[in-house]
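This report walks through one structure, from a helix and its core to a sheet and the aromatic contacts. Please view the sequence and the model side by side.

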Amino acid sequence: MGRKRKGERVDGWLVLDKPAGVSSARAVAIARRLFNAAKLGHGGTLDPLAGGVLPLAFGEATKTVGLVMDGRKSYSFRLRFGTRTSTDDAEGEAVPTSDRRPSDAEITAILGDFTGTVEQVPPAHSALKIDGKRAYELARAGQAVAMKPRKVEIFALRLVSRSEPDIADFAVDCGKGTYIRALGRDIAEALGSVGHIEALRRTRVGPFGENQAISLAKLEALGHIPARFEHLLPVETALDDIPALAVTEEEAARLRLGQSLPMLRTGLRDRVPQTAQGAATMRAMSGGRLVALVRVEDGQIRPVRVINP
């Protein structure tokens, strides 16, 4: 007999405002303890140096994590010119230095080169695997790490402010897999200087933003009292951008059993929303409740992820 999972069933999303200096793993562990949750995941790790939006998925919400991680992300970051570091952030050792300090106009002029589909070399101190080992493990061991460039999407990038010549504050909207540390490094180099990320904050992940977030300190202050559950968002919150398909209770029951629904025989074709034409995934809804994530395949509505009631 399998070992019973410890903790209680808790379903929903919690948008946590992770403080800088705390690892994502530590933040998840604290939330798991406070909610006594049997199952908990997150929608995209944040480096310990970074703060901001860390969506936590409890219970059935873990089935939607992949969709959240594939969504757009927004960050604010501070780039310090003059010193590059081994980690491309403030935690690394200083390597090359430069006396070059670009003007606001020079910075603004090159930002277009970093929007759209761009090629980026990830930092050597990253969690990407090389020959089965994490790149940061090899880098910390003093081994030379050759990171391969890859394409990422940057939808918007703007200069927000300059408080002094050494510092520039930016805001960026980007796609999955973008390294902000690499972006800052490359901006500085494109301007004939060097630099590193001094501060980094994530302001949005997919549908989750700062306005929904609760700080780790406030969450801990609530302790185990019922008020902490008031900050949980429904599982379907993560799916706001995914077309909805209305199904009957009978159809919902079949989907929950893992059975497909024939589109022609049940008239489902007429219920598929126009916005879902060509969509890979829809959310099947019945009575205002999320039933399953589904796809259209060979004239059938097939359940991909069933959400337990």
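## Helix α5 and the core

Just after helix α5, Gly192 takes a positive phi of about 75 degrees. Helices (H or I, at least four residues) and strands (E, at least two) are DSSP runs, numbered from the N terminus. The model is predicted: local features need pLDDT of at least 70, side-chain atom pairs count only at pLDDT 80 or more, and totals for chains, interfaces and linings use all residues. Residues are numbered from 1 along each chain as its sequence is written, and side-chain values use heavy atoms, with hydrogens and water left out.

Helix α5 spans residues 180-190 and is mostly covered. Nine of its eleven residues are buried. Buried means under 20% relative accessible area, exposed over 50%, and partly exposed in between (1.4 Å probe, protein chains only). The buried residues of α5 include charged-type names as well as nonpolar ones: Arg181, Arg185 and Asp186 are among them, and so are Ile180, Leu183 and Ile187.

Ile187 also belongs to the largest nonpolar core, which has 44 residues. Such a core is a set of buried Ala, Val, Leu, Ile, Met, Phe, Trp, Tyr and Cys residues joined through side-chain atoms within 4.5 Å. Phe58, Phe77, Leu157 and Ile187 touch the most other members. Helix α1 (residues 24-35) gives the largest share of this core, six residues. A second, separate core holds 17 residues, including Val15, Ala57, Ala61 and Ile242.

What is Leu157 in contact with, beyond its neighbours within four places in sequence? Its partners include Phe77, Leu111, Phe114, Phe170, Val172, Leu183 and Ile187. Contact means heavy atoms within 4.5 Å.

## Gln120

Gln120 sits in strand β7 (residues 116-120). Its relative accessibility is 2%, so Gln120 counts as buried. The side chain of Gln120 reaches the backbone nitrogen of Tyr179 at 2.9 Å. That is a polar contact: a pair of N or O atoms within 3.5 Å, where within protein one must be able to donate a hydrogen and the other to accept it, and residues adjacent in sequence count only if both atoms are side-chain atoms. Leaving aside neighbours within four places in sequence, Gln120 also contacts residues of α5, among them Ala182, Leu183 and Asp186. Lys148, Pro149, Arg150 and Val152 are other partners of Gln120.

## The five-strand sheet

An open sheet of five strands runs in the order β15-β17-β18-β19-β16, with mixed pairing. Two strands pair if DSSP finds at least two bridges between them. The edge strands are β15 and β16 (261-262), each pairing on one side only.

Strand β17 (residues 282-286) has five of its five residues buried, so it is largely enclosed by the rest of the structure. Met282, Ala284 and Ser286 point one way from β17, while Arg283 and Met285 point the other way. In the hairpin of β17 and β18, two residues lie between the strands, and Gly287 takes a positive phi near 60 degrees.

The table lists three strand pairings with an example of bridge partners for each.

| Strands | Sense | Bridges | Partners |
|---|---|---|---|
| β15 (residues 244-246) and β17 | parallel | three | Leu245 and Ala284 |
| β17 and β18 (residues 289-297) | antiparallel | five | Met285 and Leu290 |
| β16 and β19 (residues 300-306) | antiparallel | two | Leu261 and Ile301 |

## Aromatic contacts

A pair of aromatic rings is described by the distance of the centres and the angle of the planes. Rings of Phe, Tyr and Trp (its six-membered ring) pair if their centres lie within 6.5 Å; planes under 30 degrees apart count as stacked, over 60 as edge-to-face and the rest as tilted. The whole structure has four aromatic pairs.

Trp13 and Phe208 form a tilted pair, 5.0 Å centre to centre with 40 degrees between the planes. Trp13 lies in strand β1 (residues 12-18) and Phe208 in strand β13 (residues 208-209), so the pair ties together parts 195 residues apart in sequence. Both Trp13 and Phe208 are buried.

The ring centres of Phe35 and Phe229 are 5.2 Å apart and their planes stand at 85 degrees, so this pair is edge-to-face. Phe35 is in helix α1, and Phe229 is in the loop between α6 (216-222) and β15, 194 residues away. Phe35 is buried at 0% relative accessible area, whereas Phe229 is partly exposed at 32%. Ring pairs link Phe35, Phe58 and Phe229 into a cluster.

Arg228 lies over the face of Phe35, 5.4 Å from the ring centre. Arg72 lies over the face of Phe155, at 3.7 Å. A charge sits over a ring if NZ of Lys or CZ of Arg is within 6 Å of the ring centre and within 35 degrees of the ring normal.
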